[in-house]
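Dear colleague,

Please find the structure below, handed over for your use. A summary of what was found in it follows.

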Protein chains: 2
Amino acid sequence: MSSSLAAGSPMLNPLYKEVKIRLTRSLVAGEWKPGEAIPSEARLAERFNVSVGTIRKAIDELVAEKILVRQQGRGTFVATHTEDRTLYYFFHIVGKDGSRAQPSHDLLSFRRARADAEAERALALTRGERVLRIENLLRLAGVPVILDEMVIPARLCPNLDEAAFAGREGTIYGLYQARYGINVVRISERLSAAAAPSRVAEVLGLRANAPVLVIRRVAYTYHDAPVELRTSWVDTRHHEYLSDLWKNEPR
Amino acid sequence: MSSSLAAGSPMLNPLYKEVKIRLTRSLVAGEWKPGEAIPSEARLAERFNVSVGTIRKAIDELVAEKILVRQQGRGTFVATHTEDRTLYYFFHIVGKDGSRAQPSHDLLSFRRARADAEAERALALTRGERVLRIENLLRLAGVPVILDEMVIPARLCPNLDEAAFAGREGTIYGLYQARYGINVVRISERLSAAAAPSRVAEVLGLRANAPVLVIRRVAYTYHDAPVELRTSWVDTRHHEYLSDLWKNEPR
DNA sequence: TTCGATTTGTTCGTATGTATT
DNA sequence: TAATACATACGAACAAATCGA
């Protein structure tokens, strides 16, 4: 049997979809790590025994999903969570005046626990699976604006302790990526309004029961595998959540 | 001078971008109306004097922006606001149980007024320009969930009266599209939490000052020209706002 | 029902332009 | 400068879906 994609077997998918799947498999396997270049289109065409055009079409989709990044003259790279480009893709809170500051983080608590029902459902965990529960306060221009409560399956980040978490450089997803090879490539968020619980109100400097924006986010890696459940409580007196389908990318 | 795009002149843009611009111009001019098919790729290639591949690449982008819709064997069509596909793209409120009902509408008020400062800014209006102000109550499964306040420049929809608005078939964007040729192709939304003003609380059946989700939406047509400012007040006790970058389209 | 024309979808190949190193 | 890599553009062939004769 040759390794050719075009070989005899009846293909359910178009060739470029198969190529995309095999590229994703290599990504999952860590053959090319975040920040690294994948092989050139010509080399991939040889390897998969397809034309360059087919490779390009597969890569096109991965680029559209922000899993890969192309740079003319340099190569095609695995996207990282260290670039402003991807930062804006995952962080949606902006000032009502339009300002887009990067937040500073304060770790409030870091503990190991068992998953509750909500986390089990959202993260497809086994009953009572061990998780990390992390509370993080985000400040914008020095002012507390967001309280984050994160739940991560403990098996995904062995040996992660409070010091390592607090001492990370860059974003939390950058930490998952650099230290555990967990590459968050997509998020799904559900937003609602609620009265601030007393703890939230206290931390954010609000009166109890003040209205806050609640964001329940599930972060996914390749193949839509969930890796993190995050609840954010946002003080929207001076900031808001920006949902701009398009406009990000230059057209 | 030939009409060829490829003709000698130094090209600032790639050819397919020029083609895209010219296609968009024809769309704006109403050469092909929503629901109609545009000419086949082969015919467009002749018309613009470029290869089919170049036409395809231009159309690819317009399809990604949901301005055009391709159907193998049939043709390429101007997107309409009557299809479920586009409906989900513009309507983001879902049940907390995951249900995705289509809302029913009750027109609460319809009046002519002058733009306030906020509308002037968002819609790039001249000072005190005439606008329509429309209040609409949306029910999901019969229960009032969303109060919409819309502001539209009066010049965009001449002769639109309360009866015509209330008697429309389909969505509001469908009305703009069918009756005025105004094709909403993109929206930008900013979300925050607030205490329900008394009128909002009354209409939605909430107690005064209950937390509600506030959505400020600007709807744009071609060339990012704003056409509508909409403020939505959402009761999020049983529903929430879904922001799922990706996942809509099958991957 | 079948067949043929039309249209988009996929795949291949080639040539040339442009950015990077 | 030369080599490499992605970007653009062209053309050709066949597959798959659609539609009407």
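**Helix packing in chain B**

In this predicted model, helix α1(B) meets helix α3(B) through B:Leu15, B:Tyr16, B:Lys17, B:Val19, B:Lys20, B:Leu23 and B:Thr24 on the α1(B) side, and through B:Thr54, B:Ile55, B:Lys57, B:Ala58, B:Ile59, B:Glu61 and B:Leu62 on the α3(B) side. Sorted by class, this contact of α1(B) with α3(B) holds eight nonpolar, two polar and four charged residues.

A pair of packed helices is described by the angle between the two axes and by the distance between them. For α1(B) and α3(B), the angle is about 60° and the axes are 8 Å apart. Because angles from 65 to 115 degrees count as roughly perpendicular and those under 35 as roughly parallel, α1(B) is oblique to α3(B). The crossing of α1(B) past α3(B) is right-handed.

Helix α3(B) also packs against α2(B), which spans residues 41-48 of chain B. The axes of these two helices come within 8 Å and cross at roughly 105°, and α2(B) and α3(B) are therefore roughly perpendicular to each other. From α2(B), the contact takes in B:Glu41, B:Ala42, B:Leu44, B:Ala45 and B:Phe48, while α3(B) supplies B:Val52, B:Ile55, B:Arg56 and B:Ile59. Seven residues of this contact between α2(B) and α3(B) are nonpolar, none is polar and two are charged.

The remaining pairing to report is that of α1(B) with α2(B). Their axes come within 12 Å and cross at roughly 105°, which makes α1(B) roughly perpendicular to α2(B). Here B:Val19, B:Arg22, B:Leu23 and B:Ser26 of α1(B) meet B:Leu44, B:Arg47 and B:Phe48 of α2(B). The classes in the contact of α1(B) with α2(B) are four nonpolar, one polar and two charged.

**The surface near DNA strand D**

DNA strand D is surrounded by 21 residues, of which the closest are A:Glu41, A:Arg43, A:Arg70, B:Leu15 and B:Thr54. By class, the surface near DNA strand D has four nonpolar, ten polar and seven charged residues. Which part of the strand lies within 4 Å of the protein? Of the strand D atoms within that distance, 84% belong to sugar or phosphate, and the rest belong to bases.

Several polar backbone atoms lie by the phosphates of this strand. A polar backbone atom of A:Glu41 is 2.8 Å from a phosphate oxygen of DNA strand D. For B:Ser51, a backbone N or O atom lies 3.0 Å from a phosphate oxygen of the strand, and for B:Tyr16 the corresponding distance is 3.1 Å. The elements giving two or more residues to this surface are α2 (41-48), β2 (68-71) and β3 (75-78) of chain A, together with α1 (15-29) and α3 (52-64) of chain B.

**The surface near DNA strand C**

Around DNA strand C there are 21 residues, and the closest are A:Leu15, A:Thr54, A:Arg74, B:Arg43 and B:Arg70. Sugar and phosphate make up 82% of the strand C atoms that come within 4 Å of the protein. The residues near DNA strand C comprise four nonpolar, ten polar and seven charged.

Contacts with phosphate oxygens of strand C involve both backbone and side-chain atoms. A backbone N or O atom of A:Tyr16 lies 3.0 Å from a phosphate oxygen of DNA strand C, and a polar backbone atom of B:Glu41 is 3.0 Å from a phosphate oxygen of this strand. In B:Arg56, an N or O atom of the side chain is 3.1 Å from a phosphate oxygen of DNA strand C. Two or more residues each come to this surface from α1 (15-29) and α3 (52-64) of chain A, and from α2, β2 (68-71) and β3 (75-78) of chain B.

With kind regards

Definitions and conventions:
Residues are numbered from 1 along each chain as its sequence is written. Chains are lettered from A and ligands numbered from 1 in the order in which they are written. This is a predicted model: local features need pLDDT of at least 70, side-chain atom pairs count only at pLDDT 80 or more; totals for chains, interfaces and linings use all residues. Side-chain values use heavy atoms; hydrogens and water are left out. A residue is near a molecule or strand if one of its heavy atoms lies within 4 Å of it. A polar contact is a pair of N or O atoms within 3.5 Å; within protein, one must be able to donate a hydrogen and the other to accept it, and residues adjacent in sequence count only if both atoms are side-chain atoms. Helices (H or I, at least four residues) and strands (E, at least two) are DSSP runs, numbered from the N terminus. Ala, Val, Leu, Ile, Met, Phe, Trp, Tyr, Cys and Pro count as nonpolar, Asp, Glu, Lys and Arg as charged, and the others, Gly among them, as polar. Axes are lines fitted to C-alpha atoms, for helices over the stretch in contact, and angles run from 0 to 180 degrees between N-to-C directions. Angles under 35 degrees count as roughly parallel, over 145 as roughly antiparallel, 65 to 115 as roughly perpendicular and the rest as oblique. A crossing is left-handed if the near helix is turned anticlockwise from the far one by less than a right angle, and right-handed if clockwise. Contact means heavy atoms within 4.5 Å.
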